[in-house]
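Visitor: I would like to learn how to read a protein model feature by feature, beginning with confidence and ending with the aromatic rings. Could you take me through this one slowly?

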Amino acid sequence: MPYYVMVCEGKHPIMPIRKGPRKGGWRLGCLITEPVAQPLVYELDGNHPGAPKAMYSAESAPLMHDSVRMALTSAGVSNIQYFDAVLKDPVSGRELLDYKAFNIVGLVACADMGASEMMDTSDSAMGDADFHALVIDETKTGGQLLFRLAENTSAIVVHDRIKQAIEAAGIPGFVFYGSGEWSG
């Protein structure tokens, strides 16, 4: 079955996160064992209209909407830690409670380095390797449904089953990049 790099590009207009919790190894693929004070608090950027994305991952602890969490869980994903979160809208004063901070447990080194096209921006082949075109060697995925790519931990790789679950749930804003399509 094919694998994809899953990216949430959100429907526009969006209200991005202005400030959120940064402490922790949220992109390392390791189980977080230290206590995490909950809820994690995020402040939305009132200078931009709209609603937050279905899934958000930047410098702060990544977030996903409950609809995404439910779709992933129903598709059989079990390697994610979830933490309570609150998103505060400084314009309306409302607090959104239907998001969770998340930590994906698991890094898989499955980039086909011979077939992938690399950028010349990193000296590393692990953790922060930059790709013009990533090709995944499916024989190295171990059949996992969802994981972070060991070669570039910003990439969330999903099995076709997860792509189908997100699409069947009608969750907007996701793009699934197939073999040779993702650049990052």
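The dialogue below moves from confidence to sheets, then to a helix, and then to rings.

Guide: Please keep in mind from the start that this is a predicted model.

Visitor: What is the mean pLDDT of the chain, and which elements have the lowest and the highest values?

Guide: The general caution is that where pLDDT is low, the predicted coordinates should not be read in detail. Here the chain has a mean pLDDT of 85, with 85% of its residues at 70 or more. Among the elements, strand 4 (residues 55–56) has the lowest mean, 64, while helix 2 (residues 160–168) has the highest, 97.

Visitor: What is the strand order in the open sheet of 5 strands, and which are its edge strands?

Guide: The order is 9-12-13-1-14, and the pairing is mixed. Strand 9 (107–108) and strand 14 (174–177) are the edges, each pairing on one side only. At the strand 14 edge, strand 1 (residues 3–8) is its antiparallel neighbour, joined to it by 4 bridges, and within that pairing Met6 has Phe176 of strand 14 as its bridge partner.

Visitor: Which strands does helix 2 touch where it packs on the sheet?

Guide: Helix 2 touches strand 1, strand 13 (152–159) and strand 14, and its direction makes about 80° with that of strand 13. As a general idea, an α-helix has 3.6 residues a turn, so residues three or four places apart point the same way. In helix 2 the buried residues are Asp160, Ile162, Lys163, Ala165 and Ile166, and these pack against strand 1, strand 13 and strand 14 as well as helix 1 (66–74). After helix 2 comes Gly170, with a positive phi near 70°.

Visitor: Along strand 3, which side chains point to one face and are buried, and which point to the other?

Guide: In strand 3 (40–44), Leu40, Tyr42 and Leu44 share a face and are buried, whereas Val41 and Glu43 point to the other face and are not buried. Strand 3 pairs with strand 2 in the antiparallel sense over 2 bridges, where Lys19 stands opposite Glu43. Strand 3 also pairs with strand 6, in the parallel sense and over 4 bridges, and there Leu40 stands opposite Ala85.

Visitor: How many aromatic pairs are there, and how is the pair of Trp26 and Phe83 arranged?

Guide: In general, a pair of aromatic rings is described by the distance of the centres and the angle of the planes. The count comes to 4 aromatic pairs. Trp26 and Phe83 form an edge-to-face pair, 5.4 Å centre to centre with 90° between the planes. Trp26 lies in the loop between strand 2 (17–19) and strand 3, and Phe83 lies in strand 6 (residues 80–88), so their pair ties together parts that are 57 residues apart in sequence. Trp26 is buried at a relative accessible area of 6%, and Phe83 is buried at 8%.

Visitor: How is the pair of Phe174 and Phe176 arranged, stacked or edge-to-face?

Guide: Phe174 and Phe176 are stacked, with centres 6.3 Å apart and 25° between the planes. Phe174 is buried at 12% relative accessible area, as is Phe176 at 13%. Ring pairs link these two with Tyr4 into a cluster.

Visitor: Which charged ends sit over the rings of Tyr4 and Tyr82?

Guide: The charged end of Lys163 sits over the ring of Tyr4, 5.3 Å from its centre. Over the ring of Tyr82 sits the charged end of Arg69, 6.0 Å from the ring centre.

Technical notes: Residues numbered from 1 in each chain as written. Heavy atoms only, no water. Phe/Tyr/Trp six-rings, centres within 6.5 Å; stacked < 30°, edge-to-face > 60°. Buried < 20%, exposed > 50% of the residue type's maximum accessible area, 1.4 Å probe, protein only. Lys NZ or Arg CZ within 6 Å of the ring centre and 35° of its normal. pLDDT = per-residue confidence, 0-100. Pairing = 2+ DSSP bridges. Contact = heavy atoms within 4.5 Å. Axes fitted to C-alpha atoms, helices over the stretch in contact; angles between N-to-C directions.
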